[in-house]
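Please find below a reviewer's note on the structure, set out as numbered points. Each point may be read alongside the sequence and the three-dimensional view.

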Amino acid sequence: MPEDGFETREDKDIYRHSTSHVMAQAVLELFPGTKLGIGPSIEDGFYYDFDLPVPISEDDLPRIEEKMAEIIGQDSLFEKYSITKDEANSLFKDAPYKLELLKEIEDDKVTIYRQGSFVDLCRGPHLPSTGHIKAFKLISIAGAYWRGDEKRPMLTRIYGTSFPTREPLEEYLHRLEEARRRDHRRLGRELGFFNIYEEAGPGLIYYHPYGTILREEISKLLKREHQKRGYLEVVTPHIAKMDLWKTSGHCEFYRENMFFMEVEGSGYVLKPMNCLGHILIYQSRTRSYREMPLRLFELGTVYRYERSGVLHGLLRVRGFTQDDAHIFCQREKLQEEITKVIDFALDMLSLFGFKEYEVYLSTRPEKFVGTPQKWDEAISSLKGALEEHDLLYAIDEGEGVFYGPKIDIKLKDTLGRAWQGPTIQVDFNLPDQFDISYIGPDGARHQPVMIHRVVLGSLERFIGALIEHFSGAFPTWLAPVQILIVPIADRHLPYAKRVEGDLLGREIRVEIDSRNEKIGLKIREGELRKIPYLLIIGDKEAQNQTIALRKRGKGDLGEVKLADFIEKLTREITKRD
RNA sequence: GCCCACAUAGCUCAGGAGGUCAGAGCGCAUCCUUGGUAAGGAUGAGGUCGCCGGUUCAACUCCGGCUGUGGGCUCCA
């Protein structure tokens, strides 16, 4: 994380919250009649929600910034007053949102803050005066439901940020710019990975040849790694009869995310999850404790109806493939099995270059199935497994799914952003709904616990994260084109072809740039395509059976024996460096 | 789905008070150049200005609807 100039988290919050008050004052002065929502500090800045008398757009932000600068120039004190709720009710009689907040405050006394002409209901604390704000910037404007509830009015939210000096602000803006530069949607198109076609439907991904190579490389790795860890791979169809989804409860609980169709008079569903197919396979015969835990794995493509407004590149789509598995295991083996899954997940993430995580444990929600004892048992298994790994985790109280608690692991990329990755979920619902069982050593039927887990999550989302993490400059083992051969003149083409043949023989992905162009241009384009190695071939190289090696971002590395290079390269690829 | 904005050539983007305003760069094609480490030169092809309606003598330009995209909200792998 870059140095932001704040001593403590509290200082930062106070500073930014104060900036949001200044912004609110500016908006109120520019747009009289505006009703105020709330204006907290957030991760990277602050926002304030307004109910404006007229719509505004990004074009209005500079005006608001000017007004804010003026208010800061006045250096008004932030003054705190403690008043009774009655007084507050009359003070904010024209501020409906504030009145609503007041209603929820238990204390009889509330505090308000005033700077200049502006008064706000606020717990504080604040900076001494507006003049303490040295560097700020309004970032964007967006709609946001009052109190995050889509049934309530939509307010206009303005996002901004502020820092004690100019420098960290500039740095922050640079970071935003950098994030835009590595946006997977932009790189995905530029590097020929994937596209989404308006005429084919939103949220549906078409992988182009290079993207397909990347995806296949990941898929192959996943299949091998699952096999190594005792998973059995299966393949299940994309559609299934609706009745199956009624039994599971999906038609009831998941209906708004499902695609339905009709075939010869019976209802079918485009599968939104892979679990039911795996349950059918589990139930295909009587299961014994001897084959437990039974781990069924599938690179399963699922389709979920997502509201149009939430779609976003590869990160939020309507059709995606999960590296999904369902583990049927004995209740007493739950923690052991979860420990293995966490091991697996962390191994895989570090293989892809992610070393930092945020871990969340979601507990029992208000609406749940199963008994509280079962929940407690599962939660303690999840906790136990996390603790075995010495993982720091946060508890998301009540955020579990209705059918069981879960662990979510988010990966941090090079820019410090968190991406949803592995989730491990215990399911109490489906074993009941489908009455699944196994025969124990005692000869009696027992109900297994079901673990629903993904390691990378969805390939789409993971690839999106990967593209941004590496900024499209993939390690050699993942790069769609690993080697670009650049012959200097036409007469070098025969030798170039020979080199290509040698590389192809080692299953290395190679291209020759045989265009009639100068090498300066070919090198430039090779670098822009982020190809790991360029091999320049001219008279000298053809003569000596060498290549002039150029490494992405490192420039010319000089003449190297072809055999030596191939050996080094093969090692780099197998080690996944 | 909701709020705001946007939609011009394959890509990035100009454009105007409704009327020689269909434009640039990159890319693509053809030709010249055979060149030693991040852009050689010339010529050319490409667009019913997202779609459907309306206003007008005239709409890429104004208005409405639809579709899609972006930033968010809610929801999520």
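1. Ile239 is located in strand 12, which covers residues 239-241. In this predicted model, Ile239 has a relative accessible area of 34% and is therefore classed as partly exposed, since that class lies between the buried limit of under 20% and the exposed limit of over 50%. Together with Met261 and Val263, Ile239 makes up a nonpolar patch on the surface. The accessible area of these three residues together is about 190 Å².

2. The chain as a whole may be described next. Chain A contains 18 helices and 28 strands. Its C-alpha trace spans about 85 × 75 × 50 Å along the principal axes. Chain A has 577 residues, and 51% of them count as buried. The area that chain A exposes is about 27900 Å², of which carbon and sulfur atoms supply 49%. Among the contacts in chain A with a separation of 6 or more, 70% are accounted for by residues 24 or more positions apart.

3. Which residues of the largest nonpolar core touch the most other members? They are Ile218, Ile338, Phe352, Ile407, Ile483, Ile485 and Leu503, in a core of 81 residues. The element that gives the most to this core is helix 11 (residues 334-351), with 8 residues. Residues of this core come from both domain 2 (219-460) and domain 3 (483-575), so the core lies between these two domains.

4. Ile218 may serve as an example from this core. Apart from its neighbours within four places in sequence, Ile218 is in contact with Phe352, Leu456, Leu459, Ile463, Leu466 and Leu478. One of these partners, Phe352, is also listed with Ile218 among the core residues that touch the most other members. A second core, separate from the one just described, has 33 residues. Phe6, Phe31, Ile71 and Tyr172 are included in this second core.

5. Leu276 deserves a point of its own. Leu276 belongs to helix 10, which runs over residues 275-282. Is Leu276 buried or exposed? Its relative accessibility is 1%, so Leu276 counts as buried. Beyond the residues up to four places away in sequence, Leu276 touches Leu244, Trp245, Ser248, His250, Leu430 and Phe434. For one of these partners, Trp245, the separation from Leu276 is 31 residues in sequence and 7.9 Å in space, from C-alpha to C-alpha.

6. The surroundings of Leu276 agree with the description of its helix. Helix 10 is mostly covered, as 6 of its 8 residues are buried. The buried residues are Cys275, Leu276, Gly277, His278, Ile279 and Tyr282.

7. Charged pairs form the next topic. Side chains of opposite charge can pair when their charged atoms come close. The structure holds 45 salt bridges. In one of them, the side chains of Glu29 and Lys67 meet at 3.8 Å, N to O. Glu29 lies in helix 1 (residues 9-30) and Lys67 in helix 2 (residues 61-74), so this pair ties together parts that are 38 residues apart in sequence. Glu29 counts as partly exposed because its relative accessibility is 33%. Lys67, at 19%, counts as buried.

8. Lys67 also meets Glu70 in a salt bridge, with an N to O distance of 3.5 Å. In this case both residues lie in helix 2, and they are 3 residues apart, about one turn of the helix. The relative accessibility of Glu70 is 43%, so Glu70 counts as partly exposed.

9. What distance separates the closest N and O atoms in the salt bridge between Glu468 and Arg417? These atoms are 3.0 Å apart. Glu468 is in helix 14 (residues 459-470), and Arg417 is in the loop between strand 19 (406-412) and strand 20 (418-427), so the pair ties together parts that are 51 residues apart in sequence. Glu468 has a relative accessibility of 5% and therefore counts as buried. Arg417, by its relative accessibility of 24%, counts as partly exposed.

10. A final point concerns a network. Salt bridges link Glu100, Glu104, Arg147 and Arg152 in a network.

Methods: Residues are numbered from 1 along each chain as its sequence is written. Chains are lettered from A and ligands numbered from 1 in the order in which they are written. This is a predicted model: local features need pLDDT of at least 70, side-chain atom pairs count only at pLDDT 80 or more; totals for chains, interfaces and linings use all residues. Side-chain values use heavy atoms; hydrogens and water are left out. Helices (H or I, at least four residues) and strands (E, at least two) are DSSP runs, numbered from the N terminus. Buried means under 20% relative accessible area, exposed over 50%, partly exposed in between (1.4 Å probe, protein chains only). Contact means heavy atoms within 4.5 Å. A salt bridge is a side-chain nitrogen of Lys or Arg within 4 Å of a carboxyl oxygen of Asp or Glu. A nonpolar core is a set of buried Ala, Val, Leu, Ile, Met, Phe, Trp, Tyr and Cys residues joined through side-chain atoms within 4.5 Å. Domain bounds come from an automatic or database domain assignment. Accessible areas come from the Shrake-Rupley method with a 1.4 Å probe; for residues, only the protein chains shown count as cover. Patches are made of residues with over 30% relative accessible area and no salt bridge: like charges are joined within 9 Å, nonpolar side chains (Val, Leu, Ile, Met, Phe, Trp, Tyr) within 5 Å.
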